[in-house]
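Reader: I am in my first year of study and would be grateful for a close look at one part of this molecule. Would you please choose a single residue, describe its place in the chain, and then follow its surroundings outward step by step?

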Amino acid sequence: MNPFSWLFIALFTLSAPSSSSDSNSVDSPPNVPADEPIPVVTFVQEVTGRPGSPDSKTYEQKVVLAGDRVWVLDERRNLIQILRGDLDPAVLWEVSSDLARYREVTDLSRIQKDRRIQEVQFVRRVADLPQEEKREMLKGAHIRLNDQGEPIREIELEEVAPTDGAEDGLRLVKVYENGRLVADLKLANMEIPFSFAPLHEATGAFSREVFEVIRDLKGFPVSGTIYVVTATLTHPLEFRSRDIEKGSVSASFFDLPEDCQKEEQRAFLNCPICGSEVERESSAARARDREGQWIFFKTRECFSEWKKQRKARQ
């Protein structure tokens, strides 16, 4: 079993980048009868650290988790989020509270793609620096190189078995990527009736190298902190799960509501610093504002200036 519901904390508290999916049509799902019961785990999740919100504020989400799909009621944003890993490509739907409109995101791996591009660009920028300065810059950015000078990801797993005095017999697991902590978890010894491997691979919340190391961990993550590393920022997200129950729901539970209309999104927006028109898919950088919405930048210099202005306002 690979019960990594904590992955979906990353996905649903750090929502995937908004993008139009006209060029990436979603294929029909496999032939699963709409009334066929699907085994699920339901729970309430308390999350602290949503991007754009105060660190001290905690939000609740109601989660219904299956082997290849997830349903989340996000009461703070008045949204229902549905991740369908059984579709090709995997798709995230954000449905309005009145069930009348939805947004669709299909490029769920964009976070890691952008991060990989940024790392390659960083390596090129420091290539001509003195060796010691270059080494320090790479270390500070948590970038390691192979013998060919290409960025690599080295993963370390630190696992502590429960002791007699441990909280409810929970196992402690820490995951490091290039020396940076990306997950600090408490796992309960709970059997889950399905594997998460197909679903968590599709989300892109963590690098492929992290998945290759952690995919065989067993246990249900009841609390902890994960650190979602993007091309621009690292987002620490604390979570705690409660009211955990096993059950089943109809397959149609994860479908879009009847007559729900797709809300198209503009391909081009304006950079908040220079005012130039920016294409979502080719922006130099992007970040979230205080409301958790994505904003896009024309150049890296614009992004740096935006960070300076934001810091000055704090």
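**A residue in a strand, and what lies around it**

Author: D243 has its place in strand β13. Please bear in mind from the start that the model is predicted. The backbone of D243 has a positive phi of about 55 degrees, although D243 is not a glycine. As to its surroundings, D243 has a relative accessibility of 48%. Since the class called exposed begins over 50%, D243 counts as partly exposed.

The side chain of D243 has a charged partner in R242, with which it forms a salt bridge. The closest N and O atoms of this pair are 2.7 Å apart. R242 has a relative accessible area of 29%, so this residue is partly exposed, and D243 is partly exposed as well. Elsewhere, salt bridges that share partners join R115, R116, E119, R153, E177, R208, E209 and E212 into one network.

Let us now widen the view to the strand itself. Strand β13 covers residues 234–250 and pairs with β12 in the antiparallel sense, over seven bridges. One such pairing sets Y227 against P236, its bridge partner in β13. What surrounds β12, the strand that spans residues 220–229? Nine of its ten residues are buried, and β12 is therefore largely enclosed by the rest of the structure.

β12 also pairs with strand β11, residues 180–188; the two run antiparallel and are joined by six bridges. Here L185 stands opposite G224 of β12. If we follow the chain back from β11, we come to the loop between β10 (171–177) and β11, where N178 is found. N178 invites comparison with the residue where we began. N178 has a positive phi of about 50 degrees without being a glycine, and D243 likewise has a positive phi, of about 55 degrees. Their surroundings may be set side by side: N178 is buried, with a relative accessible area of 5%, whereas D243 is partly exposed at 48%. A further backbone feature occurs at D88 and P89, which are joined by a cis peptide bond with an omega of about 0 degrees. P89 belongs to the loop between β4 (79–84) and β5 (91–96).

The salt bridge of D243 may also be placed among others, for a search of the whole structure finds 22 of them. One of these is formed by R116 and E209, with 3.3 Å between the closest N and O atoms. This pair links distant parts of the chain: R116 lies in helix α2 (residues 110–126) and E209 in helix α5 (residues 208–214), 93 residues apart. With a relative accessible area of 30%, R116 is partly exposed, while E209, at 11%, counts as buried. Another salt bridge brings together the side chains of D86 and R84, at 2.8 Å from N to O. In this case both D86 and R84 are buried.

Finally, let us look further along the chain, at helix α6. This helix has 14 residues, 300–313, and should span 20 Å at 1.5 Å a residue; its end C-alpha atoms are 20 Å apart, which agrees. C302, F303 and W306 are the buried residues of α6. Seen down the helix axis, the buried residues fall within an arc of 100 degrees, and so they line one face of α6. They pack against β17 (285–288) and β18 (294–297). On the other side of α6, E301, K308, K311 and A312 are exposed.

C302 leads to a last question: how many disulfides does the structure hold? There are zero. The nearest cysteine sulfur to C302 is that of C271, 3.8 Å away, and C302 is in no disulfide. The cysteine sulfur closest to that of C271 belongs to C274, also at 3.8 Å, which is too far for a bond because a disulfide requires two sulfur atoms within 2.5 Å. C271 counts as buried at 3% relative accessibility, and C302, at 8%, is buried too.

Notes: Residues are numbered from 1 along each chain as its sequence is written. This is a predicted model: local features need pLDDT of at least 70, side-chain atom pairs count only at pLDDT 80 or more; totals for chains, interfaces and linings use all residues. Side-chain values use heavy atoms; hydrogens and water are left out. Buried means under 20% relative accessible area, exposed over 50%, partly exposed in between (1.4 Å probe, protein chains only). Helices (H or I, at least four residues) and strands (E, at least two) are DSSP runs, numbered from the N terminus. The expected span of a helix is 1.5 Å times one less than its number of residues. The arc is that of the directions from the helix axis to the C-beta atoms. Contact means heavy atoms within 4.5 Å. A salt bridge is a side-chain nitrogen of Lys or Arg within 4 Å of a carboxyl oxygen of Asp or Glu. Two strands pair if DSSP finds at least two bridges between them.
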